[in-house]
There are 2 protein chains.
Amino acid sequence: MLDPLFKPRSVAIIGASNNPLSIGHIIIQNLIDHGFKGPIFPVNPKNPYIKSFKAYKSVLDIPDEVDLVNISIKNTLVPMAIEECGKKGVKFVIVHTAGFKEVGGEGEALEKQMVEIAHKYGMRVYGPNSQGIQNSDEDVSVYANFTFVPMTQGNISILAQSGGVGEVLKLHLDKIGMGIRMYASYGNECDVSMNEILEYYGQDDGAKVIMLHIETLKDPIGFLEIARKISKIKPVLAVKSGKTKEGLKAVSSHTGTLMEKDVTTDVIFRKAGVIRFDTQDEMIQTAIALSSQPEPKGNRVAIVTNTGGPGILAVDECIQAGLELAHLTDDTKAFLKERLMPMASLENPVDVIATAGPEHYGAAIEGLMNDPNVDSILINFISAPFVDLDGIAATIAEWGPKATKPIVVVLMTIEKWGRLLRTIRKGGIPVYEFPETGAKVLINMTRYGLYRHAAETEFPKMDVKKADVDKLFGGLGEGYISQADAFAALDAYGIPTVKMIKASGEAEIKSAAKDLSFPVVLKVDAKEIVHKSDEGGIALNLKDKDELIAAWKVMDKKFSKHNPAYVVQEQLGEAVETIIGVNNTEGIGPIIMFGLGGIFVEVMKDVQFRLCPLSRGDADGMIADIRGQAILEGVRGKAGADVESLKDILLRISQLAMDHPRILEMDLNPVFSFAPGKGSKVVDIRIRLAGK
Amino acid sequence: MLDPLFKPRSVAIIGASNNPLSIGHIIIQNLIDHGFKGPIFPVNPKNPYIKSFKAYKSVLDIPDEVDLVNISIKNTLVPMAIEECGKKGVKFVIVHTAGFKEVGGEGEALEKQMVEIAHKYGMRVYGPNSQGIQNSDEDVSVYANFTFVPMTQGNISILAQSGGVGEVLKLHLDKIGMGIRMYASYGNECDVSMNEILEYYGQDDGAKVIMLHIETLKDPIGFLEIARKISKIKPVLAVKSGKTKEGLKAVSSHTGTLMEKDVTTDVIFRKAGVIRFDTQDEMIQTAIALSSQPEPKGNRVAIVTNTGGPGILAVDECIQAGLELAHLTDDTKAFLKERLMPMASLENPVDVIATAGPEHYGAAIEGLMNDPNVDSILINFISAPFVDLDGIAATIAEWGPKATKPIVVVLMTIEKWGRLLRTIRKGGIPVYEFPETGAKVLINMTRYGLYRHAAETEFPKMDVKKADVDKLFGGLGEGYISQADAFAALDAYGIPTVKMIKASGEAEIKSAAKDLSFPVVLKVDAKEIVHKSDEGGIALNLKDKDELIAAWKVMDKKFSKHNPAYVVQEQLGEAVETIIGVNNTEGIGPIIMFGLGGIFVEVMKDVQFRLCPLSRGDADGMIADIRGQAILEGVRGKAGADVESLKDILLRISQLAMDHPRILEMDLNPVFSFAPGKGSKVVDIRIRLAGK
């Protein structure tokens, strides 16, 4: 429990100082300025008073109990201070000092030593190299942090790996008069972890929204489990910096090479229901809306406007953001016709016209709030000087607390009418400067709404022969396995494969020819030959036995040094070429990929990734979200693909990867998918295993 | 000349009133509030005084000369008022009143009548249904407009088709303390046109940047000519609303159906050097920067930051926006090493660290300003409370006037340090809240910089036989022409086509077989059969004469009712399939399209459009900008395309379309492009002509 950290009854400061630029001084000042509710105990070996507080030479001299100690002294002195805190019975220490693990060597040793001492006394360490914590709860009001943005009460909690970014998030909220709930920038995570804090925020009823800034996830799977639970209750929003390629176990597979732009974070966030943002701005604007407004259940927006031109731009920007214009019901139109002015437009966007007064705005909001075709409302309000502006703002504000669908306002006004903005915000309705921002916020709220209202996820268990694969892999060492073995593994998992016969030498090739109907395909099968197609190890469309034998002779000459096996396969008919892959990523587990084959993968990088295990919804989404989706549906008179069988294969591959963690990578490439109802077949596969 | 409109020496108001909510009143108030430099003459038939000014019963009673008259009386009374203005010798009238062409019928007739009367007296009409004009020039200071955003002096001129959008643009500038130069929202354009005003802004030295809001271009080619001249001197920025499909002359061609999302505006803006924006916000932020900072010559940005986390986010957002991180020279690094603090990072982003003072910021800016590898500078400045913030702001501001590359600042601070923002802005350096905004502004400035510094455009004249095509088309009527005729037109323009022989009946087919080397392709050729491939009118890969005759017999049976001709073509080798098309768009002229064939066009809509005539730069850009560019370069071991011959074909097709305006549409589909140096060939073509 982190209560003594975020709700300390008393705080001591080791490194307290009268120098106003020192961390020890700034923290005392912040505690005083924000009215900390408990006693403050400066610790300073020389000065008997710090900022009018009695100071103590050691934490051991403090006459009362101490929950939390902030430490900002030289790094080498920290372990001794920790020892004293332990003896004193302190619950948590926050180490602001830098010069630990992040500098390596001696620093790393110091950090380890510090944690060992603390744990000896059952004490926890936050940091080091950390900014601190804040909690605006009026019963506590603790600002144990050395930064500068004033703290006011609010219901958005912030957890930031970079203190700088955390500060920026706070200051943008402060700038528009929004407070925060709790704040933490946790530094090196030597003991108290990011995941623990996130879990704590999740349990805090005072936090309606959580904002994260992440650079690296130290324990991604722990994060996934915690974030997943929380995001069903309240929104978790995140920006992650450094969107660059990450270190993967292997990049020899297609799947691996396509895993750019930190796919790992994407798949974890997606599975956890964490809404990811590219920019801080968009995250903050969305957090503000979610902190007071319900999330929409769909993406159908209705727009209320009092001017034509800006109304059209708002429509453009809503559609660009991914929203749809709601089709209003006849009931709504009849209601609006009765209540709005004669010149008003009763279609969406509802133009109440420039001379509309409070009663017209009220009617427009009421009509749209009751329309079952509307998921969210955007009000585009330009302050025309000839109407009752204050009345309009008050009417909009009244709807804040009773809204059953989110309302956002785009207010276009000048300084002297700034009070309109404050009035609307007081009603809990977010106000933006540009329709673009309002539209983006609504689409982001919708992303969360769809996640939250989705059915609980189940990971289907398919009927497979796991033991067969256990046995098969049991006999295999590290590295690529033969194609025949790989096909056997797929067979055991009920994954349809092209009909094929393994053969070595001319006699077996000839015999194989008997059991297949021509035309056939001949492929070489040896671990050493990885890119078969490029190396001339595949012969297609062999029409009869003679052509087959001739092709085999060519390959036999070329590859004789590897003494390879061969595979004879049936030649398949017209199909959509797809690719399915798995990359077992360190610390995260198998990530599965789906894409359209050939150029779509190579040039367009049109692929989808998900973290295993897959739910049916995951499999649906992987297929629905690729850009070349139309190919699967059939274009240019073609029949398209059998999407259902592809989903089934994805689920089975996910299970294969989960059941057998020795699978480092798999490329099913190509997987041929025939017309709807005609199934799909894996044509070629490569599997690489870890050592036993 | 629009001087009497934008620089009137005196203004009369017909419809002047003491009712503070009337347009006639608000305009007088706006003129007074902004200190109009000339006399104001209210015209009112009843009241002898309006707002303490002597009022006149008729404009004819005014004792002095009147340059400009604002009219806001009932629509039916306007023509008589115009007549009086004409008699008085007024130069310009602004008609605010609505109820003219936009309502049709009688209104349309009134509008026509109004213009006729005015022109009889050599007087010009602005509007009707218009907001008015403004000019902040201190010698004039005219606010002949009935809206509410206060006017201060600035150097950005605004021209808005929607008065509502115009107002929003003004208020966002006002909000951050920026003024404007001139403003116009021109309503119905019955006489004074948008293009005239644009040209006038272009000649006005007081305007450094022009912002446009456009819904429809009334005279696109006129706009193109004017905007093109201006944008070589000063930036012209535009938002256009209603990004929906536009009316085209024909949509039966591939090219036509792909012309979604108002391609016509895009091609005109591109040719005119007008920088288009999706959102008002981005346009305004870019205008602010361009109004005081030089445009960059390339996209290599250097970042100065005083914190790690926000610095990383700034890097992400610059790269996402399309900028590149500049590689600093060794000289720069040495300079920075000498001048910055020991802990500072000397690579890009340059982290001056949190404790940096004014001298360190100054050194960082100086170093980057002198580095030849740097095109622009983004300063990421978070207000750490323990340094000389005012000094830092002043140092940055000093660089404003002497910057040879643009500087933008992302300032992250709180209310109490708002003066920092004002200090930096006073230096002419734009300040943004988020790195994302700064990055987007820099990339938009770069778009302008690249246009402005590009060599003057030439439209190459290829050596072609225009007269041959004149003769050919002279014998043809409206509609699709035969393939043989289309090929003849291409031949005359030096465009390589597949070798083919036209043939009818078995004897000619047999004879054609003699002149071509097998394999060959047989195609039916009749106007009625538009989708040959779908209708079974193409037989590929015919190996010998017998196969050819057999294929012909099948088609002959199928198509006998059309009594068609046939074409026998050589079968081509491996090539990249591309598509080139032309759509002759009403009021604009031929728009040319290039894309990769097949799925890239059908599914990915991966095509580029340009307005004819093409420059060499246009042809280069069309090919460089498609997303599937890698296909042309060669992927998966393939040789790729002969890009030079594709460019040559594009230029020749552009010339064909320009020389023969009867060409309504052309689809060259496919155009096979062979390996580099091996040329390209048009395989199939459809041309549709207008009537003679």
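Select A:Phe6 to begin: with 0% relative accessibility it counts as buried, where buried means under 20% relative accessible area, exposed means over 50%, and partly exposed lies in between (1.4 Å probe, protein chains only). Before you move on, know that this is a predicted model, in which local features need pLDDT of at least 70, side-chain atom pairs count only at pLDDT 80 or more, and totals for chains, interfaces and linings use all residues. Residues are numbered from 1 along each chain as its sequence is written, chains are lettered from A and ligands numbered from 1 in the order in which they are written, and side-chain values use heavy atoms, with hydrogens and water left out.

**Stop 1: rings around A:Phe6**

Which ring pairs with A:Phe6? Add A:Tyr201 to your selection: the two form an edge-to-face aromatic pair, 5.9 Å centre to centre with 65 degrees between the planes. For the cut-offs, rings of Phe, Tyr and Trp (its six-membered ring) pair if their centres lie within 6.5 Å; planes under 30 degrees apart count as stacked, over 60 as edge-to-face and the rest as tilted.

Now colour by helix and you'll see that the pair links distant parts of the chain: A:Phe6 sits in helix α1 (residues 3-6) of chain A and A:Tyr201 in helix α6 (residues 194-203) of chain A, 195 residues apart. Helices here are DSSP runs (H or I, at least four residues), strands are too (E, at least two), and both are numbered from the N terminus. A:Tyr201 is buried as well, with a relative accessible area of 0%. Pop in A:Tyr200, and you have one aromatic cluster of A:Phe6, A:Tyr200 and A:Tyr201. Over all chains, the structure holds 14 aromatic pairs.

**Stop 2: charges over rings**

Next, show A:Lys232 with A:Tyr451. The charged end of A:Lys232 sits over the ring of A:Tyr451, 4.8 Å from its centre. To count, NZ of Lys or CZ of Arg must be within 6 Å of the ring centre and within 35 degrees of the ring normal. Hop over to chain B for another one: the charged end of B:Arg447 sits over the ring of B:Phe277, 5.7 Å from its centre.

**Stop 3: a helix to check with a ruler**

Select residues 308-321 of chain A, which is helix α11. Its 14 residues should span 20 Å at 1.5 Å a residue, and its end C-alpha atoms are 20 Å apart, so the two agree. The expected span is 1.5 Å times one less than the number of residues. Which residues of this helix are buried? Among them are A:Leu313, A:Val315, A:Asp316 and A:Glu317. Just after α11(A), click A:Gly322, which takes a positive phi of about 110 degrees.

**Stop 4: backbone oddities**

Zoom to A:Phe518 and A:Pro519: a cis peptide bond joins them, with omega about 0 degrees. A:Pro519 lies in the loop between α19 (505-515) and β23 (520-525) of chain A. In chain B, the peptide bond from B:Phe518 to B:Pro519 is cis too, with omega near 0 degrees.

Then pick A:Asn541, which has a positive phi of about 55 degrees although it is not a glycine. You'll find A:Asn541 in strand β24 (residues 538-542) of chain A, and at 37% relative accessibility it counts as partly exposed. Over in chain B, B:Asn563 has a positive phi of about 50 degrees, and it isn't a glycine either. Is B:Asn563 buried or exposed? B:Asn563 is exposed, with a relative accessible area of 68%.

**Stop 5: the core**

Time to go inside. The largest nonpolar core has 107 residues, and those with the most contacts inside it include A:Leu632, A:Ile653 and B:Ile653. Such a core is a set of buried Ala, Val, Leu, Ile, Met, Phe, Trp, Tyr and Cys residues joined through side-chain atoms within 4.5 Å. Helix α24 (residues 643-659) of chain A gives the most to this core, with eight residues. Try B:Ile653: not counting residues up to four places away in sequence, its contacts (heavy atoms within 4.5 Å) include B:Leu490, B:Ile580 and B:Met666.

**Stop 6: zoom out**

Finally, show both chains. Chain A can be laid on chain B with an RMSD of 0.1 Å by a turn of 180 degrees and a shift of 0.0 Å along the axis, superposed by least squares on the C-alpha atoms of residues with pLDDT of at least 70 in both. That is the relation of a two-fold axis. The same surface serves both copies, as 98% of the contact residues of chain A recur in chain B.
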